[in-house]
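Me: I am new to this structure and would like to understand the terms used for it. Could you take me through them?

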Amino acid sequence: MIMEVTNNLKLWDSVEKTDPSKTKDATIGGQKRTAVDAQYKKKLITKAFGPYGLRWGVVVGSEKFDRTNYENQTCILHYMADAYYFMDGERGSFPIAASIKETYMTRGGNPYLKIDDEAIKKVRTDALTKGFTDLGFCADIHMGMFEDQDYIRGVAAEKAIEKADEKELVAKQKYEEIKSYVTEQIEAIGNVTNPAQALKSFDRVIDKVAVRCQSAGFGSKGFELILNNEKEKLNAK
């Protein structure tokens, strides 16, 4: 009997490395730790599964908020819920939880009651993003790898290469899109019966191509040359 080989770490291995540029030093519970940007982590999860609310997120109706109050006016907000995701046609789910100070007295000579009016948003985000760490997202931070400077430099180099490759791919895609646009516009202008109107159309297309190329990050001279050549052919008739 041939046993089917499965790679249970496929997802983990693809999402565990954290871009050092998306981290910052933070003091949590009196301890210095490396914190990852929440939006960056959400982007990684979306890249892996799909749009939030459709392919991953919090199960509707599962959220629970509780509070623990102390005599010094400190209030701890507790949050619990169930998170879900879809992968390879299957649905997975797991519990998430987090706590945060909602109100507390500040320290110093003139203490006052500090109220965090974004506590609910923060505790939901904290629970959701940290919960997905159990699937491997940004796991290197929680495995203590960011204490190794050689590891950080290595990951930074990898991420720089990935960004360069992605930028090159996007540029190629944009180039092909503009190339197709130029071809379509030349064909469309060829069907214009009024020569004066056709010449004006070429001028408009040249302006639009220049703007599109500029936004894509490359020059427009090549496309402008093609369009001007076609314009000269029309003008010579």
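Reply: Happy to; what follows is a set of questions about helices, burial, rings and contacts. This is a predicted model, where local features need pLDDT of at least 70 and side-chain atom pairs count only at pLDDT 80 or more, while totals for chains, interfaces and linings use all residues. Residues are numbered from 1 along each chain as its sequence is written, and side-chain values use heavy atoms, leaving out hydrogens and water.

Me: How do you know that the span of helix α3 agrees with what is expected?

Reply: Helices are DSSP runs of H or I with at least four residues, and strands are runs of E with at least two, numbered from the N terminus. The expected span is 1.5 Å times one less than the number of residues. For the 13 residues of α3 (119-131) that gives 18 Å, and the end C-alpha atoms are 18 Å apart, so the two agree.

Me: Why is Y84 called buried, and what makes F86 partly exposed?

Reply: Buried means under 20% relative accessible area, exposed over 50%, and partly exposed in between, using a 1.4 Å probe and protein chains only. Y84 has 9%, so Y84 is buried. F86 has 24%, so F86 counts as partly exposed.

Me: Why is the pair of Y84 and F86 called edge-to-face?

Reply: Rings of Phe, Tyr and Trp (its six-membered ring) pair if their centres lie within 6.5 Å; planes under 30 degrees apart count as stacked, over 60 as edge-to-face and the rest as tilted. The structure holds twelve such pairs. Here the centres are 6.1 Å apart and the planes are at 75°, so the pair is edge-to-face.

Me: What makes the pair of Y175 and F223 tilted?

Reply: Their planes are at 40°, with 5.1 Å from centre to centre. This pair links distant parts of the chain, as Y175 is in helix α5 (149-189) and F223 in helix α7 (221-236), 48 residues apart. Y175, at 37%, counts as partly exposed, whereas F223, at 5%, counts as buried.

Me: How do you know that the charged end of R212 sits over the ring of Y181?

Reply: The test is that NZ of Lys or CZ of Arg is within 6 Å of the ring centre and within 35 degrees of the ring normal. R212 meets it, at 4.0 Å from the centre of the Y181 ring.

Me: Why is D19 called buried, and what does D19 touch?

Reply: D19 has a relative accessible area of 6%, so D19 is buried. Contact means heavy atoms within 4.5 Å; not counting residues up to four places away in sequence, D19 touches Y40, K159 and K163.
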